[in-house]
Every structure is written in structure tokens, then in C-alpha cells.
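Hi,

Here is the structure I promised to pass on. Have a look first, and my notes follow below.

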Amino acid sequence: MTDNDTDDGRDDIERRLVEGWQGRYYEDFTVGDVYKHPYGRTVTETDNVWFTNLTMNLNPMHFNEAYAAETEFGERLVDGTFVIALVVGMSVIDVSANATANLGYDDIRHHAPVYHGDTIFAESEVVHKRESESRDHVGMVTTQLRAFNQDDELVLTLERTPMVLKREYAQPSAAAPTGWPEGIGTQPEDLEE
């Protein structure tokens with residue numbers, strides 16, 4: 001079998017390394033842009049119990065069903081800091097994959113409770129950007145992050161400001177995308193005849 005042969009009988013296919021999504025660089029952000037982050041995430045009881053235990057959150061609202069049943073909510077609530085961590089994580093693919101630091105989380109508001117079994121969706125709107133005064137290789141981008149449940153109910157908002165790398169200082173390539181050490185996986189020389 002030659003380098004261009006495949007196991008499924010497709011011969012003479014030219015193979016090439018193609019860049020995947022590299023994330024946005026500072027120049028890619030425009031005030032007013034809204035990014036609907038891919039994939040919703042259903043919150044499970046396990047998520048809530050583990051997170052509550054890991055963070056030592058002793059409020060019985062998160063882990064005591066008998067107690068929570070007697071409250072106005074009638075059942076346990078998902079730990080609000082889990083919801084924050086979840087939606088920030090959901091936004092990384094679009095907002096901070098090329099961040100060098102997160103500078104702040106501001107104006108955090110829980111608008112509605114999150115329950116076990118809710119599916120959370122997140123979107124970010126660019127509300128401000130500016131170049132760094134002390135670092136030539138980055139700029140600051142502020143987004144408003146909004147999270148909704150499966151019923152389109154707003155459950156969380158916050159402002160987030162990462163320091164994002166400028167494109168000219170980035171060195172990713174198809175052979176060595178961000179996060180991959182040089183020389184791992186398929187390399188251009190592997191595709192040469």
C-alpha cells in the first residue's frame with residue numbers, strides 16, 4: 001500500500017494537514033458581536049454533590065433533600081458557583097482559548113435557580129476591548145456572559161475580562177496547534193511522498 005492508499009479502497013487521495021479552530025485572537029473581537037457557545041450541558045445530581053463537597057459548601061440547600069423540600073424551592077438547588085464555573089468553561093472555546101490570564105469576573109448575578117436535570121446554554125457578547133498599556137502581545141476583552149436553561153429562562157449573567165493574545169505573537173500551525181507539543185501526531189513530512 002502506498003502513502004496515498006487508504007484501507008477503504010480510496011486510492012490517490014492527497015492527504016494534508018488542515019488547521020482546526022485555533023480560537024479567537026485579540027483582533028478577532030468586535031464590540032457588539034455575540035457568540036452562542038456550542039453544546040448545552042445537562043447538570044446532574046452528581047455534578048452538584050461532587051462540586052459541593054469539593055468546595056466545602058455546607059449549605060444544606062445543595063445536599064440535604066429533606067431540608068430543601070421544606071424551602072420555597074421544594075428541592076435541592078445546584079450550587080451557584082458550579083453554574084458560574086460551568087458557563088465560564090462553556091465560553092472558553094469562543095472567548096479565551098488564547099487568553100494569557102483572566103483579569104476579572106464582575107457583576108455576577110443569579111437570575112433564577114438551577115435544578116438537577118436542567119440543561120444550560122451560554123452566550124457571550126463583546127462589550128469592550130482595549131490594547132494593553134504594559135504588554136504589547138495582548139489586549140483586554142470584556143464580554144457579558146449569559147446563561148439560559150432549556151426553557152429559555154435567564155439563569156446567570158456576568159462580565160468576564162481575559163487578557164487575549166494578539167495574532168502576530170501566536171505561533172500555532174496545523175502541525176502544532178495551541179496546546180500540542182511540537183512533533184506530536186501527524187507532521188508535514190509524514191504526508192510527503
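Below is what I found about the nonpolar cores, helix 3 and I120.

First, the fine print: this is a predicted model, where local features need pLDDT of at least 70, side-chain atom pairs count only at pLDDT 80 or more, and totals for chains, interfaces and linings use all residues. Residues are numbered from 1 along each chain as its sequence is written, and side-chain values use heavy atoms, with hydrogens and water left out.

The largest nonpolar core (buried Ala, Val, Leu, Ile, Met, Phe, Trp, Tyr and Cys residues joined through side-chain atoms within 4.5 Å) has 19 residues, and V43, V87, V114, I120, V155 and L156 touch the most other members. At least two residues come from each of helix 3 (80-95), strand 4 (119-131), strand 5 (138-148) and strand 6 (154-165); these are DSSP runs, H or I of at least four residues for helices and E of at least two for strands, numbered from the N terminus. Helix 3 gives the most, with 7 residues. Apart from this core lies another, of 7 residues, including Y26 and V126.

Among the buried residues of helix 3 are F82, L86, V87 and M90, where buried means under 20% relative accessible area with a 1.4 Å probe, protein chains only.

I120 sits in strand 4 and counts as buried because its relative accessibility is 0%. Leaving aside residues up to four places away in sequence, I120 touches, among others, L86, V87, M90, V114 and V155 (contact is heavy atoms within 4.5 Å).

Cheers

Notes: Buried < 20%, exposed > 50% of the residue type's maximum accessible area, 1.4 Å probe, protein only.
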